[in-house]
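Visitor: I would like a close look at a single part of this model, taken slowly and with its surroundings included.

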Amino acid sequence: MHSARRRAEARLAFSLTMLAAALLAAGCGRDGDPATLPREADAATVVQTGPAWDSGAASQEQRRRIDSLSRIPGYVIDSAIPIPEAIRRFQSATAAPRPAAFADGAASLDTLFARYVRALENGDTTAIAALVMNRSEFAWLYYPESEYPTPGYELSPDFVWFLLAENGARGMARARARVAGRDARVVGVRCEGPTVQGESRVWGPCVVALQRDDGRTGDLDLARSVIERDGRFKFASLANGL
């Protein structure tokens, strides 16, 4: 139990580090990412692997990164709002109605990644959006059962969604740069997990074996987290290791 929490804290602290670095780079005018999905369909990040820090160091790093993010213009973290009230506000501010289950997605990991690669090759952001957990699914189905609102974390849905969407959008841009126009097909998928969070099963990171039309194959760390729920698979995030 304690070791699982330490691993989760380390993953969260590392993802915060990556986001802070990414936002710093964006503020300096680097990267030049292509156009990304609308906010409602942006990818989110849930699992991010990192060094095996002890829980104390992870918690200190987490607090430091949250403090740094609170200084980003236009972004506010209101820790005075109780988590149940933060959930209510986030759900109320979500335009789409409460979903009963995941919409779209895929029936298996293999199908999910095959559709994702095909959409990347075609530059089809509409098809990509259908494969990613959207804001209403996050608000009603995933976040309330995740580790983030629990004691010891108590991260608001606004903050988590902000983190998820930023990392996901940048991950999609990197994946498009690596896959688009390469005429590749998925010949294998390897994912760690799953871990159980309520009715969701979380898979990842996931490495995909791609074969090009010339017969050459290669592995890509194409996704950090996939959510399986009621027999449907969707990306919790398009964040990746590229």
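In which sense do strands E6 and E7 pair, and over how many bridges? Please go on from there to what surrounds E6.

Guide: In this predicted model, strand E6, residues 226-229, pairs with strand E7, residues 232-235, in the antiparallel sense, and four bridges join the two. Within that pairing Glu228 stands opposite Phe233 of E7. The two strands form a hairpin with two residues between them, and in the turn Asp230 takes a positive phi of about 55°.

E6 also pairs with strand E3, residues 200-203, again in the antiparallel sense, here over three bridges, and the bridge partner of Val202 in E6 is Ile227. Beyond E3, in the loop that leads to strand E4 (206-212), lies Gly204. This glycine has a relative accessible area of 13% and is therefore buried. Gly204 and Val226 are 22 residues apart in sequence, yet their C-alpha atoms are 6.2 Å apart in space.

In a regular strand the side chains alternate between the two faces of the sheet. In E6 both faces are covered, since Val226 and Glu228 on one side are buried, as are Ile227 and Arg229 on the other.

The nonpolar cores carry the picture further. Val226 belongs to the largest of them, a set of 28 residues, and is one of those that touch the most other members, together with Leu109, Phe113, Tyr116, Ile128, Leu222 and Phe235. At least two residues of this core come from each of helix H4 (109-122), helix H7, strand E1 (184-191), E4, strand E5 (217-223) and E7, and H4 gives the most, with seven residues. Among the contacts of Phe113, leaving aside residues up to four places away in sequence, are Val226, Phe235, Leu222, Val186 and Val208. Apart from this core lies another, of 20 residues, and Ile227 is among its members, as are Tyr143, Leu155 and Trp161.

Helix H7, one of the suppliers to the largest core, is itself mostly covered, with 18 of its 23 residues buried. H7 runs over residues 157-179, and at 1.5 Å a residue it should span 33 Å, so the 32 Å between its end C-alpha atoms agrees with that expectation. Just after H7, Gly181 takes a positive phi of about 75°.

Conventions
Residues are numbered from 1 along each chain as its sequence is written. This is a predicted model: local features need pLDDT of at least 70, side-chain atom pairs count only at pLDDT 80 or more; totals for chains, interfaces and linings use all residues. Side-chain values use heavy atoms; hydrogens and water are left out. The expected span of a helix is 1.5 Å times one less than its number of residues. Buried means under 20% relative accessible area, exposed over 50%, partly exposed in between (1.4 Å probe, protein chains only). Two strands pair if DSSP finds at least two bridges between them. A nonpolar core is a set of buried Ala, Val, Leu, Ile, Met, Phe, Trp, Tyr and Cys residues joined through side-chain atoms within 4.5 Å. Contact means heavy atoms within 4.5 Å.
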